[in-house]
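Subject: Structure to look through, with notes on its salt bridges

Hello,

I am passing on the structure we talked about, and I would be grateful if you kept it open while you read. My notes on it follow directly below.

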Amino acid sequence: MMRLRRSHLICCAASKEKMAAHLSYGRVNLNILREAARKELREFLDKCAGSKAIVWDEYLTGPFGLIAQYSLLKEHEVEKMFTLKNGRLPPADVKNIIFFVRPRLELMDIIADNITSEDRHHSSRDFHILFVPRRSMLCEQRLKEQGVLASFINIDEYILDLIPYDGDLLSMEYESAFRECYLENDQTSLYHTAKGLMTLQALYGTIPQIYGKGECARLVANMMLRMKREFAGSQNQILPVFDTLLLLDRNVDLLTPLATQLTYEGLIDEIYGISNGYVKLPPEKFAQKKQGEGSKDLPTEPKKLQLNSAEELYAEIRDKNFNAVGAALSKKAKIISAAFEERHNAKTVGEIKQFVSQLPHMQAARSSLANHTSIAELIKDITSFLALKSLKTTISINIHYYVVNHLSSHVSASEAFFDNLTVEQEFMTGVDTDKVNTYIEDCIAQKDPLIKILRLVCMQSVCNNGLKHKVMDYYKREILQTYGYEHILTLNNLEKAGLLKPQTGSRNNYPTIRKTLKLWMEDANEQNPNDISYVYSGYSPLSIRLTQILARPGWRSIEEVLKMLPGPHFEERQQLPSGLHKKRQQGENRTTLVFFLGGVTYAEIAALRFLSQVEDSGMEYVIATTKLINGTTWIKSLMDRPESPTQ
């Protein structure tokens, strides 16, 4: 069992406090939700009187880090923290041992092993278990069968449904939500979603209008309406912050997550993976080598960076198409360089004092620019056809300088990226979707990563309303012979989820949907976009187009297309108490909460932010989801043995 590094938690404390501040900058103050979660956590910790050690289900450490930093835990007598692993707990001279865990049966077996391995002289310890997000009778029964249930002084639940990730972004980080709904017919995640939305309404007021598309959306809306009836008369009298709630099933738009995201944030997630607001990057681009130093002094630990709108530059470039990032970084470099040059114009004591007061912010901006230039270089090595060809910037600041002088290009990686993207865009535009694709054949022959193959095959299937039987049989045979017959269960899962299916003779509706909703724009402007299609360099995410049309002119204008998409579409109205009807000021935007059931990509988030910034849209969007996903993590969650943080 390994101890969590306290030093890491301490050094992150300041940055997490800074992160919390920007949650209140948006149209909706999401810091209220974070503070409510922190209050409940403090109350639980105070129930356990005396010194404490927390044993973490490792998957929860990231989400909890967005709610409470180490300093808060320390204030409530948490002295040590460990990760949950089999065997004896590490030494800890504390009164209370608290297990923070998800309600998983396999985790109960590990906890039972921890308890039974305890030394007898620690018999004075009190054990507590906190289930996140819900208490589970099945788990308690497993603990009873293992003979350790009586060892717990306190068994409770911590309802962490929706976690504020940014000023306009909430996620449940429920990693198995899509799998549970579409493979296992398990509605647990939908219940958690409804409960989370009820919590939001308790804090931000009843949402007057609810729209939805999909079977899961209908179920969540029904649960919400039932819960509202059950708690009739007990709701807080709060003026509504949200005007509309839009519930969208992920299976209404299966295509978008399969496509390669082309925004800056989306590409970071595609290539390196963003987890709980952090990314780990290869360290070599971030080393500050001094003259004469050799490569032996380069760092070996990954560079870990926090990514959110608390950082001014990141907020500016994260939603841009990668083609536009180079120019933005170059412009920022000139501004920073000019700001530092101002020191030469400072003549009086007052002017020098003013310059010195601005110095910390300027140095932070310089560091941020260096980091994002390095990240852009890393991405450019893989996507050389894209941006940054013009980025050759020298920033002279006193004696220190940062030079971007040569952007290397790994030909094989960039060619593979370009070829993959070309095939994706051919499928999206309806080119050769009804026959075996030679690029996919070549990728299988070269034993490229299986998930890459599955993403492409599923995309071809979705864009063709299924594959011809001989095409599907060919792909299945090649995949099983190349990657192993154990993947037959994964292929079955993809079929069950609707991502991979044989043609049934029914009409392929995708061309009609693509044309009616304008899902492909040949002249997508990546530098100065005028349409959401810029996030995929031509493809407009179907999910976001539906959101855009709902706002104006309304779904009645696309009734026939809605019928072609899976599941019902509906509208519900929730009655507001008298006196709580919002009086809208002239020119004031409406606020819509868009909830993606089954996951959302960063490119879709970027597209919604773009719509919020369009001057005449009259609408601002807050995004919520069961999970932040990309094509790789999404497919991985549907594989027969998805990787688990506990394994």
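Aspartate 319 forms a salt bridge with arginine 318, and the closest N and O atoms of this pair are 3.7 Å apart; both aspartate 319 and arginine 318 are buried. Please keep in mind that the model is predicted, and that every distance given here is computed from it.

This pair also belongs to something wider, since Arg318 and Asp319 are linked with Asp166, Asp168, Glu265 and Arg609 in a network of salt bridges. Within that network, the side chains of arginine 609 and glutamate 265 meet in a salt bridge, with 3.8 Å from N to O. Arginine 609 lies in helix H23 (residues 602-613), whereas glutamate 265 lies in helix H11 (residues 264-271), so the pair ties together parts that are 344 residues apart in sequence. Arginine 609 counts as buried because its relative accessibility is 7%, and glutamate 265 is likewise buried, with a relative accessible area of 5%.

Another pair to look at is aspartate 253 and arginine 250, which form a salt bridge whose closest N and O atoms are 3.4 Å apart. Here, too, aspartate 253 is buried, its relative accessible area being 3%, and arginine 250 counts as buried at 2% relative accessibility.

How many salt bridges does a search of the whole structure find? The search finds 37, and the pairs described above are among them. As general background, side chains of opposite charge can pair when their charged atoms come close.

Best wishes

Methods. Residues numbered from 1 in each chain as written. Predicted model: local features only at pLDDT ≥ 70, side-chain atom pairs only at ≥ 80, totals over all residues. Heavy atoms only, no water. Salt bridge = Lys/Arg side-chain N within 4 Å of Asp/Glu carboxyl O. Buried < 20%, exposed > 50% of the residue type's maximum accessible area, 1.4 Å probe, protein only. Helix = DSSP H or I, 4+ residues; strand = E, 2+ residues; numbered from the N terminus.
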